[in-house]
Amino acid sequence: NQGNGVNISGSGSNLIKGTVIRANKIGVNRTGSGLLANNGAGIYVSSANITTIGGDTTGDRNIISGNGTSNIEIRGTTTTIKNNYIGTNADGNAKVTGATTLTGIKVYSDTGAQLWTSIRDNVISGNSNYGVEIVNCKDNTLLGNKIGVDKDGTVSISNGSGIILNSGSQNNTIGGAGSGEYNIISGNTQCGIIVDGVGSDS
């Protein structure tokens, strides 16, 4: 596709609610081993609250890799992103050959809003700039992800940097003390976590 692979976009007060995206291959071929990229984002979500990308089971998993700008782009909306392979092949053990995606997951707001987006139990690897980029938004969580490594957390599949919190992003949580809540952030070319810009914190 010349634009986004999946585009979910409401308008003003006309929010789209409750969309579930699961068990798809977006930006790759049907086996999840080769590049078949969209020029825009793999999935773009805006003005669409309570969207779920992936799910609890292996069968719910999306393979979202090799797309043009971001594999997933969330603009100003509450989203759950769970148990996907983002930037890798369907086996979760290598970058898709020829992929040049800049960012695995980009979450941002035009107004510095609380988004409460949950990024949980994903493999986010093989992206050129950042695994996860959070810009000007608050109260997002990253738990149980493998960022810069394969599905087993043992082999490097590098992003440029693992995570960046940028431009006033506040009260975001990276990892936790509960079972399976820690992230593995390793093998990236530059930094594991960057906190940058006035007003940014974690």
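This is a short tour of a predicted model, with a suggestion at each stop for what to select and a note on what is there.

**The whole chain**

Start zoomed out, with a cartoon on the protein chain. You'll find 19 strands and 0 helices. Run principal axes through the C-alpha trace and the spans come out at about 40 × 35 × 30 Å. How does the radius of gyration sit with a compact globule? The protein chain has 15 Å, which agrees with the value near 17 Å for a compact globule of 202 residues.

Now colour by relative accessibility: 48% of the 202 residues count as buried. If you like contact maps, draw one here. Take the contacts between residues at least 6 apart in sequence, and 75% of them join residues at least 24 apart.

**The pocket and T77**

Next, bring up the largest pocket, whose volume is about 200 Å³. There are 14 lining residues, and those nearest the centre are R75, G76, T77, S109 and L115. Which class dominates the count, polar or nonpolar? The lining breaks down into 9 polar, 3 nonpolar and 2 charged residues.

Pick T77 from that central group. T77 sits in the loop that runs between β7 (70-75) and β8 (79-82). Is T77 buried or exposed? T77 counts as buried because its relative accessibility is 1%, and the cut-off for buried is under 20%. Show side chains and look towards A48: the T77 side chain reaches the backbone oxygen of A48 at 3.0 Å. Then expand the selection to the contacts of T77. Beyond the neighbours within four places in sequence, these are V45, S46, S47, A48, N49, L115 and T117. L115 is also one of the residues nearest the pocket centre.

**From A48 to I8**

Keep A48 on screen and add I8, which is in strand β1 (residues 6-9). The two are 40 residues apart along the chain, yet their C-alpha atoms are separated by 6.8 Å. I8 is buried, at a relative accessible area of 8%. What does I8 touch once residues up to four places away are set aside? The list is I16, T19, I21, Y44, V45, S46 and A48. V45, S46 and A48 should be familiar, as T77 contacts them too.

**G27**

Select G27, in the loop between β3 (25-26) and β4 (43-46). With 4% relative accessibility, G27 counts as buried. Its contacts, leaving out neighbours within four places in sequence, are G34, L35, L36, A37, N38, S65 and N67. For a distance across the model, draw a C-alpha line from G27 to I193: 26 Å in space, with their positions 166 residues apart in sequence.

**A90**

Jump to A90, in the loop between β9 (85-86) and β10. A90 counts as partly exposed, at 25% relative accessibility. Outside the residues up to four places away in sequence, A90 touches T31, G32, I63 and Y85. Another line worth drawing goes from A90 to T111: the pair is 21 residues apart in sequence and 36 Å apart in space, C-alpha to C-alpha.

**Two positive phi values**

Time for some backbone torsions. Where is W116? W116 lies in the loop between β10 (103-108) and β11 (118-120). Although W116 is not a glycine, its phi is positive, at about 55°.

D139 is the other one to click, in the loop between β13 (130-135) and β14 (141-143). Phi of D139 is near 65°, again a positive value in a residue other than glycine. D139 counts as buried, at 18% relative accessibility.

**L165 and N188**

Move on to strand β16 (residues 161-166) and select L165. L165 counts as buried, with 0% relative accessibility. Its C-alpha is 29 Å from that of D91, and the two are 74 residues apart in sequence.

Finish at N188, in the loop between β18 (184-185) and β19 (193-196). N188 is buried, with a relative accessible area of 14%. Which residues surround N188 beyond four places in sequence? The contacts are I147, G148, S158, N159, G160, S161 and G162. S161 and G162 fall within β16, the strand that holds L165.

Notes
Residues numbered from 1 in each chain as written. Predicted model: local features only at pLDDT ≥ 70, side-chain atom pairs only at ≥ 80, totals over all residues. Heavy atoms only, no water. Helix = DSSP H or I, 4+ residues; strand = E, 2+ residues; numbered from the N terminus. Buried < 20%, exposed > 50% of the residue type's maximum accessible area, 1.4 Å probe, protein only. Polar contact = N/O pair within 3.5 Å; in protein donor to acceptor, adjacent residues only side chain to side chain. Contact = heavy atoms within 4.5 Å. 1 Å grid on protein atoms, 1.4 Å probe; cavity = no way out; pocket = protein on both sides within 12 Å on 5 of 7 lines; lining within 4 Å. Points joined across faces, edges and corners; volume = space filled by probe spheres on them. Nonpolar A, V, L, I, M, F, W, Y, C, P; charged D, E, K, R; others polar. Rg over C-alpha atoms; globule rule 2.2 N^0.38 Å.
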